[in-house]
Amino acid sequence: MSDSGVISHISQNNNLYGWGLSCGKACRYGVFVAGKVYMGRKDIVDRPYFSDCQRFAELVNAALYRGKDVLQPGNLTPVRRKYPSLSSSCGELERDILMQDAEQNLCYGIEIETESDYGMPERVMTYDVCDYEYQMREMDRGHRERKDYRSYRERKSRMKESDILLPTVTVVLYLGEGHWKGGRRLTQMFRLSADCRNLLGTNLHDYDFPLLEADHMQPEYFRTDLREFFQSMQCRRDKARLRELFQTEAFRNLPPETEQVIARHLHIEHLINKMEKEGLPMCKAFDDLRDELLQEGKASGRREGRKEGRKEGRREGKKEEKIRIIRLMLKEGLDEALIHRTTGCTGEELSAAMR
C-alpha cells in the first residue's frame, strides 16, 4: 500500500491515526501549538511512512531474515487493533503497525521508538499476548454465531481442535541517537540468583524482541528510500555531511512523505517550519536555511564590528584627551612625578605628551 493509500485507509476508519491534541493545529510534520511544531506525534508522519508495504517488508527482512526477501510486500495486509484491556498508564493502547502475511500465516508488528524504554520486553510481550487473545475472541465469536460448537470442550476452549492462531513477531525500530538503552529480554528485568536460575532452567520462560537501531543500520542494503532515511539519520550531528547528502540526486528526488519523516527526525525545527510555511522541498529548505543563517551570521558580525569600532573610538578619544591634559601640565612647568600622581598616566603616555 502506498503512503497515500495508507492515509486514505486511516481516514476511512474513523481517523484511527487522529492528531490527539484538540488544542493544536495539525501539520504535515507534527502539531502546531502556539506557533511551534511539536514533534512527538508519530501518528502523523512515522506510522503512515513505515506502514508502506515495501518499506515494512524491507525492515522486517533486515530484522528477522538477514536481508533475504522472505517477506513479500504483496502478501501484506495492514491490520488495526486496539486492546481495551491495556491500561494507558502502562503504555499505548494499540500497536504502531501490525501487518498480516497471508502467505505465511504470520503477523508482524513494528513498534517505533524515539526513546529507550526499560520496560520494552514486557510491553512487547503484552502486545503479542493481547493479539493472541484478540484472535481467540474472534474465533469464539465466529463459532458462536455459526453455532457449530459440538462439545463442552470446544466451548470451554473457545476454539476447535483444527483452529490455529497466527504467530505474532514484533520488531522494535529505534530512531533515537546511539544504541538502545535497556534490556531486550524479559529475564533481564528479574533479580534472581544464579542458583535459582539454574534450578528453574527452561521452566523460567523468557521473552525478547528483535531490534533495529537507526544509527547502526547499513543503509546500502536497502533498495527503497529507507536507504536515504538511514543515511540522513546517521548524519544528525554532522551538518556538513548532511549538506553533502542533500546535494545528491537521490535526495533531490525523494518523495514528499520521505522528506517529511527525515525532517521530523533531524530535529531541526527551523527546517520543518520552513518546509511547512513556504511549501519548499527539504533540500531547498535546508539550503535556504543555511544561506539565511550564514547571512545572519555576517550581519551579526558587521553589527559587532561597528559596536566594537565605536568602543575603540571612545577609548582612543579618551587617551588623546589625557595626553592633551598632560601636555598642558608640562607646559605650566609642573613636575613629572606630580603629573603622574595626578593623572595616573603611564610612562608611555608621558613620553607621547613630551613629543
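Helices and strands are taken here as DSSP runs, with at least four residues for a helix and at least two for a strand, and they are numbered from the N terminus. On that basis, the chain of this predicted model holds 14 helices and eight strands. Of its 355 residues, 40% count as buried. The chain exposes about 20,700 Å², and carbon and sulfur atoms supply 50% of that area. Contacts that reach along the sequence are well represented: among those between residues at least 6 apart, 60% join residues at least 24 apart.

A good place to begin the tour is the sheet. Five strands form an open sheet in the order β4-β5-β6-β7-β8, and their pairing is mixed. At the edges are β4 (76-79) and β8 (211-213), each of which pairs on one side only. From one strand to the next, the twist averages 25 degrees. Within this sheet, β5 (residues 97-101) and β6 (residues 106-113) run antiparallel to each other and are joined over five bridges. One residue pair to look for is Gln-100 with Cys-107, its bridge partner in β6.

The loop between β5 and β6 contains Asn-105. This residue has a phi near 55 degrees, a positive value in a residue other than glycine. Asn-105 counts as partly exposed because its relative accessibility is 37%, which falls between the 20% limit for buried and the 50% limit for exposed. On the other side of β5 in sequence, the loop between β4 and β5 holds Asp-96. Asp-96 has a relative accessible area of 0% and is therefore buried. Its side chain is not without a polar partner, as a contact of 2.8 Å joins it to the side chain of Arg-47.

Two helices lie across the sheet. Helix α3 lies across β4, β5, β6, β7 (168-174) and β8, and runs at about 90 degrees to β6. Helix α4 (residues 120-146) lies across β5, β6 and β7, with an angle of about 145 degrees to β7.

Helix α3 itself repays a closer look. It covers residues 53-64, 12 residues in total, and spans 16 Å from its first C-alpha to its last, close to the 16 Å expected at 1.5 Å a residue. At the N-terminal end, Asp-52 acts as a cap, with a side-chain oxygen 3.1 Å from the backbone nitrogen of Gln-54. The buried residues of α3 are Cys-53, Arg-55, Phe-56, Ala-57, Glu-58, Leu-59, Val-60 and Asn-61. That list includes charged residues, Arg-55 and Glu-58, alongside Phe-56, Leu-59 and Val-60. Just after the helix, Arg-66 takes a positive phi of about 55 degrees.Ahead of α3 in the sequence comes helix α2 (residues 46-50), where Asp-46 is found. Asp-46 is buried, because its relative accessible area is 0%, under the 20% cut-off. Two polar contacts engage its side chain: one with the side chain of Arg-264, at 2.9 Å, and one with the side chain of His-265, at 3.0 Å. Leaving aside residues up to four places away in sequence, Asp-46 touches Ile-112, Leu-175, Val-261, Arg-264 and His-265.

The stretch that follows α4 offers two further residues to inspect. Lys-147 sits in the loop between α4 and α5, and has a positive phi of about 55 degrees although it is not a glycine. With 70% relative accessibility, Lys-147 counts as exposed. Met-159 lies in the loop between α5 (152-157) and β7. Beyond residues up to four places away in sequence, Met-159 touches Met-136, Met-139, His-143, Tyr-149 and Glu-154. The C-alpha atom of Met-159 is 9.6 Å from that of Gly-142, and the two residues are 17 apart along the chain.

Conventions
Residues numbered from 1 in each chain as written. Predicted model: local features only at pLDDT ≥ 70, side-chain atom pairs only at ≥ 80, totals over all residues. Heavy atoms only, no water. Expected span 1.5 Å × (residues − 1). Buried < 20%, exposed > 50% of the residue type's maximum accessible area, 1.4 Å probe, protein only. Polar contact = N/O pair within 3.5 Å; in protein donor to acceptor, adjacent residues only side chain to side chain. Contact = heavy atoms within 4.5 Å. Areas by Shrake-Rupley, 256 points an atom, 1.4 Å probe, with all protein chains shown as cover. Pairing = 2+ DSSP bridges. Axes fitted to C-alpha atoms, helices over the stretch in contact; angles between N-to-C directions.
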